[in-house]
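Reader: Please take a close look at one part of this model, the contacts that its side chains make, and set that part in the context of the whole fold. A single connected account would suit me best.

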Amino acid sequence: MGNTILIAEDAEDVLKLLARYFRAADFVVYPAESNAEAVKLAEQYRPDCFLLDYHLADSPVTGICGFVRGSEYLREALIVILSGDQLYRMDFRHILAQHV
């Protein structure tokens, strides 16, 4: 795996914190505040890893997962989905399985 990561998070303070953490670990960080912005950045930069907030306001996380898995250049990228919502403490493999 390379050292590029796209972080999609709509809470600005959390996005800044995560970006700072990964930059300190020598990652090139592409921050996005929406799924639409994440797709544009993914097309442009082709990151090695995706750190995605489950609850972005503009569309479900399944949209970006489907885009990544459907892309010739991104399908091998690591996808990590985060949520701070206790309601969504679940196994996300069923979401990703729809897009493999």
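Author: A polar contact is here a pair of N or O atoms within 3.5 Å; within protein, one of them must be able to donate a hydrogen and the other to accept it. Such a pair is found at aspartate 48, where a polar atom of the side chain lies 3.1 Å from the backbone nitrogen of asparagine 3. The model is a predicted one, and everything below should be read in that light.

Aspartate 48 belongs to the loop between H2 and S3. Its relative accessibility of 25% makes aspartate 48 partly exposed, because the buried class ends at 20% and the exposed class begins over 50%. The same residue also approaches leucine 6: their C-alpha atoms are 8.1 Å apart, although 42 residues separate the two along the chain.

The setting is a chain of four helices and four strands, which alternate along the sequence as β-α-β-α-β-α-β-α. Of its 100 residues, 38% count as buried. Of the contacts between residues at least 6 apart in sequence, 62% join residues at least 24 apart.

Arginine 46 is found in the loop that also holds aspartate 48, between H2 and S3. With a relative accessible area of 42%, arginine 46 is partly exposed. Its phi is positive, at about 50 degrees, although the residue is not a glycine. Most residues other than glycine have a negative phi. The charged end of arginine 46 sits over the ring of tyrosine 73, at 3.6 Å from the ring centre. A second positive phi, of about 65 degrees, occurs at aspartate 26, again not a glycine. Aspartate 26 lies in the loop between helix H1 (12–24) and S2, and at 60% relative accessibility this residue counts as exposed.

Two further polar contacts involve buried residues. Asparagine 35, in helix H2, is buried at 3% relative accessibility. A polar atom of its side chain lies 2.6 Å from the backbone oxygen of serine 59. Apart from neighbours within four places in sequence, asparagine 35 is in contact with Leu56, Asp58, Ser59, Pro60, Val61 and Ile64. Serine 71, in the loop between H3 and S4, is likewise buried, with a relative accessible area of 14%. Its side chain reaches the backbone nitrogen of leucine 74 at 3.3 Å.

Val61 and Ile64, both contacts of asparagine 35, lead on to H3. There the buried residues are Val61, Ile64, Cys65, Val68 and Arg69. These residues lie on the same side of H3, because they cover an arc of only 130 degrees around the axis.

The nonpolar packing can be taken next. In soluble globular proteins, nonpolar side chains tend to be buried together. The largest nonpolar core holds 19 residues, of which Leu6, Phe50, Leu52, Val61, Val68 and Ile79 touch the most other members. Two or more residues each come from strand S1 (4–8), S2, H2, strand S3 (49–53), helix H3 (61–70) and strand S4 (78–82). H3 supplies the largest share of this core, four residues. A second core, separate from this one, has nine residues, including Ile5, Leu15, Leu18 and Phe22.

The aromatic side chains complete the picture. A pair of aromatic rings is described by the distance of the centres and the angle of the planes. With centres required to lie within 6.5 Å, the count comes to three aromatic pairs. In one of them, phenylalanine 22 and phenylalanine 27 have ring centres 5.4 Å apart and planes at 85 degrees, so the pair is edge-to-face. Phenylalanine 22 is buried, at a relative accessible area of 16%. In another pair, the rings of tyrosine 30 and tyrosine 45 have centres 4.2 Å apart and planes at 10 degrees, so these rings are stacked. This pair links distant parts of the chain, since tyrosine 30 is in strand S2 (residues 28–32) and tyrosine 45 is in helix H2 (residues 35–45), 15 residues apart. The two partners differ in burial: tyrosine 30 is buried at 15% relative accessible area, whereas tyrosine 45 is partly exposed at 37%. Finally, Tyr21, Phe22 and Phe27 form one aromatic cluster.

Key:
Residues are numbered from 1 along each chain as its sequence is written. This is a predicted model: local features need pLDDT of at least 70, side-chain atom pairs count only at pLDDT 80 or more; totals for chains, interfaces and linings use all residues. Side-chain values use heavy atoms; hydrogens and water are left out. Rings of Phe, Tyr and Trp (its six-membered ring) pair if their centres lie within 6.5 Å; planes under 30 degrees apart count as stacked, over 60 as edge-to-face and the rest as tilted. Buried means under 20% relative accessible area, exposed over 50%, partly exposed in between (1.4 Å probe, protein chains only). A charge sits over a ring if NZ of Lys or CZ of Arg is within 6 Å of the ring centre and within 35 degrees of the ring normal. A nonpolar core is a set of buried Ala, Val, Leu, Ile, Met, Phe, Trp, Tyr and Cys residues joined through side-chain atoms within 4.5 Å. Contact means heavy atoms within 4.5 Å. The arc is that of the directions from the helix axis to the C-beta atoms.
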